[in-house]
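Student: I should like to go through the terms used for this structure and see what justifies each of them. May we begin with the surface and then turn to charged pairs and pockets?

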Amino acid sequence: MTDLAAIEKQRGLLRDTYLQPDGVRPASSARGLHHTALISSSVERTIWFYQDLLEFPLTELIENRDYPGSSHFFFDIGNGNLLAFFDFPGLDVGPYAEVLGGLHHVAISVEPEKWEYLVRKLRDSGVEHAVHSGVSVYFRDPDGARIELIADPLGEMYGQHVL
């Protein structure tokens, strides 16, 4: 049985040890997330899902410099951020799996009105999904990667500032 009180105590200790309040916390050395890259088993199906269904415009489709015959393609997810994909023709990458060190999910912020619209599009397209807390919808892309659309603004999580 999991000892939730002990876990919360450890979480509090970690917060007290490492979390610096805004105004004291140093600036990040990073400029932002350039792109997150996932694997696609079908370039065309991935384009349909992300561009046509979720309405993230395809911005580029180029050769993957690391694997001959592979494509590297990008979708605009707003705020200067990209969601990218690789396909690996001829390489058996196996089915999607959530593993230690692997992707759990990608959370993408959308305006509340757009969130409601996209949840309807998911439903109307028959994409299995689950709504949580009235602002998050979770679903899997055609290759099994878990995606979250969240109506909270960037830097907030369920009404709490996280940035």
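Student: In this predicted model, why is Tyr158 called partly exposed?

Tutor: The relative accessible area of Tyr158 is 40%. Buried requires under 20% and exposed over 50%, so Tyr158, at 40%, is partly exposed. Tyr158 is placed in the loop between β9 and β10 (160-161).

Student: What makes Tyr158 eligible for a nonpolar surface patch?

Tutor: A patch residue must have over 30% relative accessible area and no salt bridge. Tyr158 has 40%, and a patch of about 430 Å² is made by Tyr158 together with Met157, Val162 and Leu163.

Student: How do you know that Glu8 and Arg11 form a salt bridge?

Tutor: The closest N and O atoms of Glu8 and Arg11 are 2.5 Å apart. The cut-off is 4 Å between a side-chain nitrogen of Lys or Arg and a carboxyl oxygen of Asp or Glu, therefore the pair qualifies. Both residues belong to helix α1 (residues 4-18), where being three residues apart separates them by about one helical turn. Glu8 is partly exposed at 36% relative accessibility, and Arg11 is partly exposed at 41%.

Student: What joins Glu8, Arg11 and Arg15 into one network?

Tutor: Arg15 also forms a salt bridge with Glu8, with the closest N and O atoms 3.0 Å apart. Salt bridges that share partners join Glu8, Arg11 and Arg15 into one network. Arg15 counts as partly exposed, at 39% relative accessibility.

Student: Why is the salt bridge of Lys121 with Glu55 said to tie together parts of the sequence?

Tutor: The closest N and O atoms of Lys121 and Glu55 are 2.9 Å apart, and the limit is 4 Å. Lys121 lies in helix α3, while Glu55 lies in the loop between α2 (43-53) and β2 (58-63), so the pair ties together parts 66 residues apart in sequence.

Student: Why is Lys121 called buried, and why is Glu55 called partly exposed?

Tutor: Lys121 has a relative accessible area of 19%; buried means under 20%, so Lys121 is buried. Glu55, at 30%, counts as partly exposed, because its value lies between 20% and 50%.

Student: Which element gives the most to the lining of the largest pocket, and what is the volume of that pocket?

Tutor: The element is β5, with four residues. The largest pocket has a volume of about 840 Å³, and its lining has 19 nonpolar, eight polar and six charged residues.

Conventions
Residues numbered from 1 in each chain as written. Predicted model: local features only at pLDDT ≥ 70, side-chain atom pairs only at ≥ 80, totals over all residues. Heavy atoms only, no water. 1 Å grid on protein atoms, 1.4 Å probe; cavity = no way out; pocket = protein on both sides within 12 Å on 5 of 7 lines; lining within 4 Å. Points joined across faces, edges and corners; volume = space filled by probe spheres on them. Helix = DSSP H or I, 4+ residues; strand = E, 2+ residues; numbered from the N terminus. Nonpolar A, V, L, I, M, F, W, Y, C, P; charged D, E, K, R; others polar. Patch = residues over 30% accessible without salt bridge, like charges linked within 9 Å, V, L, I, M, F, W, Y side chains within 5 Å. Areas by Shrake-Rupley, 256 points an atom, 1.4 Å probe, with all protein chains shown as cover. Buried < 20%, exposed > 50% of the residue type's maximum accessible area, 1.4 Å probe, protein only.
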